[in-house]
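This briefing covers the strand and helix packing of one protein chain. Sequence and model are shown first, followed by the points to note.

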Amino acid sequence: GLADAVIVGNETLLLNVLTKEQLIEYLKEARAITPAGIPVTTGEGWKFWMDNPDLVDQVDFILAHIYSYWDADPRDGGLAYVIESYRSLRERYPDKRIVIGETGWPSAGVARGGAAPGEENQRQFLQGFAKWASDNSVEYTYFDAFDEEWKWREGVESGSYTNQMPTDRDFSGRYAGSSWG
């Protein structure tokens, strides 16, 4: 009664923390010690799930992160990308429970391919996304309730992240990585 699910790692493949084989071994170990009826999964970006059906076979449900901002897709305020990504997963894995583990829109930072951070854009994304998810019975976690001063700042290359502390620890809003609340 204390846990609804066990999540083994978060973005471990995206960040190259583990190999897929190592992650699968951890999932198996977790399942072996987790009480029956409690699902086991891991959190990864939606594209990793699309490209790794063998990983999907190892989890009880897909916990997919879908960020139109990080993928620089501003269509319909970022909502179109999230919907299309979710539908792609649903089509590929029609019998698997799919939960959007993370989605959201930053309130500050720099634009990525026309995907512009800002409080108004964030509000519009949240309202549109919450309505779509409710209308379509999509399970999700919205990221994030508060800005996170401690958070890393964006890496220099697309798809690579560094675990650097921002040098300006004053919530300047220069870094999207710490501006999701």
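Which residue of β5 is the bridge partner of Thr 103? In this predicted model, the partner is Tyr 142. The pairing belongs to an open sheet of 5 strands, described below together with the helices that pack on the sheet and on each other.

**Sheet**
- The strand order is β1-β2-β3-β4-β5, and the pairing is parallel.
- β1 (6–10) and β5 (139–142) are the edge strands, each with pairing on one side only.
- On average, and ignoring direction, neighbouring strands are turned by 25 degrees against each other.
- Strand β4 (residues 98–103) is joined to β5 by 3 bridges in the parallel sense.

**Helices on the sheet**
- Helix α1 (residues 20–33) touches β1 and β2 (40–45), and its direction makes about 150 degrees with that of β2.
- Helix α5 touches β4 and β5, with a direction at about 160 degrees to that of β5.

**Helix–helix packing**
- The axes of α4 (residues 79–92) and α5 (residues 119–135) lie 10 Å apart, at an angle of about 30 degrees.
- Because angles under 35 degrees count as roughly parallel, α4 is roughly parallel to α5.
- The crossing of these two helices is right-handed.
- From α4, the contact uses Leu 79, Val 82, Ile 83, Tyr 86 and Arg 87; from α5, Phe 125, Gly 128, Phe 129 and Trp 132.
- Of these contact residues, 7 are nonpolar, 1 is polar and 1 is charged.

**Confidence**
- The chain has an average pLDDT of 88, and 86% of the residues score at least 70.
- Residues 153–166 have a pLDDT below 50; in the model this stretch has 26 contacts beyond near neighbours in sequence.

How values were computed: Residues numbered from 1 in each chain as written. Predicted model: local features only at pLDDT ≥ 70, side-chain atom pairs only at ≥ 80, totals over all residues. Heavy atoms only, no water. pLDDT = per-residue confidence, 0-100. Contact = heavy atoms within 4.5 Å. Axes fitted to C-alpha atoms, helices over the stretch in contact; angles between N-to-C directions. Helix = DSSP H or I, 4+ residues; strand = E, 2+ residues; numbered from the N terminus. Parallel < 35°, antiparallel > 145°, perpendicular 65-115°, else oblique. Left-handed = near helix turned anticlockwise from the far one by under 90°. Nonpolar A, V, L, I, M, F, W, Y, C, P; charged D, E, K, R; others polar. Pairing = 2+ DSSP bridges.
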